[in-house]
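The following exercises are to be worked with the sequence and the coordinates at hand. Each task is followed by a solution in steps.

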Amino acid sequence: MERYESYKDSGVAWIGKVPEHWEVMKTSLLYTNIGSGTTPSTSKQEYYEDDGFCWLQTGDLNDGYITDTSKKISKVAIKDCKLRFYPVGSIVIAMYGATIGKIGLLKVPTSTNQACCVLPYSNKMNEIYTFYVCQIAKGQMLLEAVGGGQPNISQDIIKKLKLPVPPICEQQAIAAYLDKRCSEIDNAIATQQKRIALLQELKQSIITRAVTQGIHPDVPLKESGVEWIGKVPEHWEVRRLKSICQSKKYAIKTGPFGTQLKGQDLYPEGDIRVYNQRNVIDDNFNECNFYVTHKKASDLKSFYTQPNDLLITSRGTIGKCSILPDNVPMGILHPCLIAVRIDQKICTIEWAKLFIGESNCFATNIFLNSNATTIDVIYTDTLKNVIITIPPVLEQKKIIAYIDQYIKKLDSIIKKANKRIEYLQELRQSVITEAITGKIKVC
């Protein structure tokens, strides 16, 4: 694309050179009355109502336009807490929490909580242009964030942030260009994401069919006695999980409960590992984020892991599972995990992992045995009674080998789609950066 005739050094590393006629200014000079909000007392029911006024939390921010909020507040809350409402066109930045650095552009007037920093609408800046600038400036804001484990972006950091400022007519042209280009890229990303979702569904469908009916279409079937499973091969068994576990103490063991292991007992480095949900979800036990002292570990002897434990996530993200390798240090179970020790004369641990973690059988088990529409936690008593299909051990291994071969092909396609998404996301960042710093001329 065309470039500007002459450039000058902006004096800001992340911006680099800008067109000669552009300015570079602090946010505080471009936006007056930069502010945030507050959280009305959650103990007062009259402060919150489903059809109330928009009240924004950082969890509502996702680098997009804000057309609604997950929570609403009442007129009473607005009056009692003297809440400030920000107009359409205001930019919102998450200052701390899980969504730190996320951006939002208000399309509805809203109040916010205290973790949001708001740049109120300003006639000095095109709001869409600023929205794109802040997406690129996010990296700089995070670099300057203060704090240890949970860094914060302060209002002072945002006020001192320097932004590239073209004439307003150029801002409008850049905003229109970026809306068009980013929309094209976002649509391409969405197409890849949809493709991945369909492939994941296909994977789960193939696995579910294999672990309930096998891989031979002409094998004689019998009623399983379980409605949601239906028919299974005649020579298969249908058992509860507890009947395929080792016949010894702690064959199904949940992590420490309540005060047995507190947050202050956990350290980023230390003597004994504490294996947690992240290890299981990532299927990676080479790294560990939590440790306890030898003294604390001695109080938690019954929660020690063993090689070939099948570790299952039991809170929040439930039913993900992984096999603890025999070449990693022994550790303590995190409270959000359950360890299952399978009797491999009856059932291979790989079959149990496949059935529980990769088919939809486990989720069906849990939901049909619960009155809740969503399940946030599972307990050992629930897990013990999960129903599992059991072919002969040799057949289990053959089915697993068949599935591995088939799934590798699907995983290869998924990997390529994810690589495509990464490329598109990088392209999006590059397109925005070049436009908002004037490296390309769009008008």
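**Exercise 1. Surface and overall dimensions**

What is the accessible surface of the protein, and what percentage of it belongs to carbon and sulfur atoms? State also the extent of the C-alpha atoms and the share of buried residues.

Solution. The model is a predicted one.
- Step 1: the accessible surface amounts to about 23000 Å², and carbon and sulfur atoms contribute 49% of that area.
- Step 2: along the principal axes, the C-alpha atoms occupy a box of roughly 80 × 50 × 45 Å.
- Step 3: the protein has 443 residues, of which 46% count as buried.

**Exercise 2. Composition and contacts**

Determine how many helices and strands the protein has, and characterise its contacts and charges.

Solution.
- Step 1: the secondary structure consists of 11 helices and 22 strands.
- Step 2: among contacts with a separation of 6 or more, 72% are between residues 24 or more positions apart.
- Step 3: there are 55 positive and 46 negative side chains, and the centres of these two sets are 2 Å apart.

**Exercise 3. Cysteines**

How many disulfides does a search of the whole structure find? Explain the result for C116, and examine C321 as well.

Solution.
- Step 1: the search returns zero disulfides.
- Step 2: a disulfide requires two cysteine sulfur atoms within 2.5 Å.
- Step 3: for C116 the closest cysteine sulfur is that of C117, at 8.9 Å, and a bond is therefore ruled out by distance.
- Step 4: C321 likewise takes part in no disulfide, the nearest cysteine sulfur being that of C347, 11 Å away.
- Step 5: as to accessibility, C116 counts as buried at 0%, and C321 counts as buried at 10%.

**Exercise 4. A sheet of three strands**

Which strands stand at the edges of the open sheet with the order β17-β16-β20, and why is one side of each left without a neighbour?

Solution.
- Step 1: the sheet is open, and its pairing is mixed.
- Step 2: β17 (291–292) and β20 (331–333) are the edge strands; each has a single partner strand, so one side of each lacks a neighbour in the sheet.
- Step 3: β16, residues 272–275, pairs with β17 in the antiparallel sense over two bridges.
- Step 4: within this pairing, I272 is opposite V292 of β17.

**Exercise 5. Strand β22**

Are the two faces of strand β22 covered or uncovered? Identify also how β14 is joined to this strand.

Solution.
- Step 1: in β22 (residues 387–390), I387 and T389 lie on one side, with I388 and I390 on the other.
- Step 2: these four residues are all buried, so both faces are covered, given that buried means under 20% relative accessible area.
- Step 3: β14 (residues 237–240) runs antiparallel to β22, and four bridges join the two.
- Step 4: R240 is found opposite I387 of β22.

**Exercise 6. Two buried residues**

Locate L410 and S74, and list their contacts beyond neighbours within four places in sequence.

Solution.
- Step 1: L410 belongs to helix α11, residues 393–436, and is buried at a relative accessible area of 7%.
- Step 2: beyond those neighbours, L410 contacts L199, L202, K203 and I206.
- Step 3: K203 is 207 residues from L410 in sequence, yet their C-alpha atoms are 7.3 Å apart.
- Step 4: S74 sits in the loop between β6 (71–73) and α2 (75–81), where S74 counts as buried at 2% relative accessibility.
- Step 5: with the same neighbours set aside, S74 contacts E46, Y47, Y48, E49 and F53.

Conventions: Residues are numbered from 1 along each chain as its sequence is written. This is a predicted model: local features need pLDDT of at least 70, side-chain atom pairs count only at pLDDT 80 or more; totals for chains, interfaces and linings use all residues. Side-chain values use heavy atoms; hydrogens and water are left out. Buried means under 20% relative accessible area, exposed over 50%, partly exposed in between (1.4 Å probe, protein chains only). Contact means heavy atoms within 4.5 Å. Accessible areas come from the Shrake-Rupley method with a 1.4 Å probe; for residues, only the protein chains shown count as cover. Lys and Arg count as positive and Asp and Glu as negative; His and the chain ends are not counted. The place of a charge is taken as NZ of Lys, CZ of Arg, CG of Asp or CD of Glu. Two strands pair if DSSP finds at least two bridges between them.
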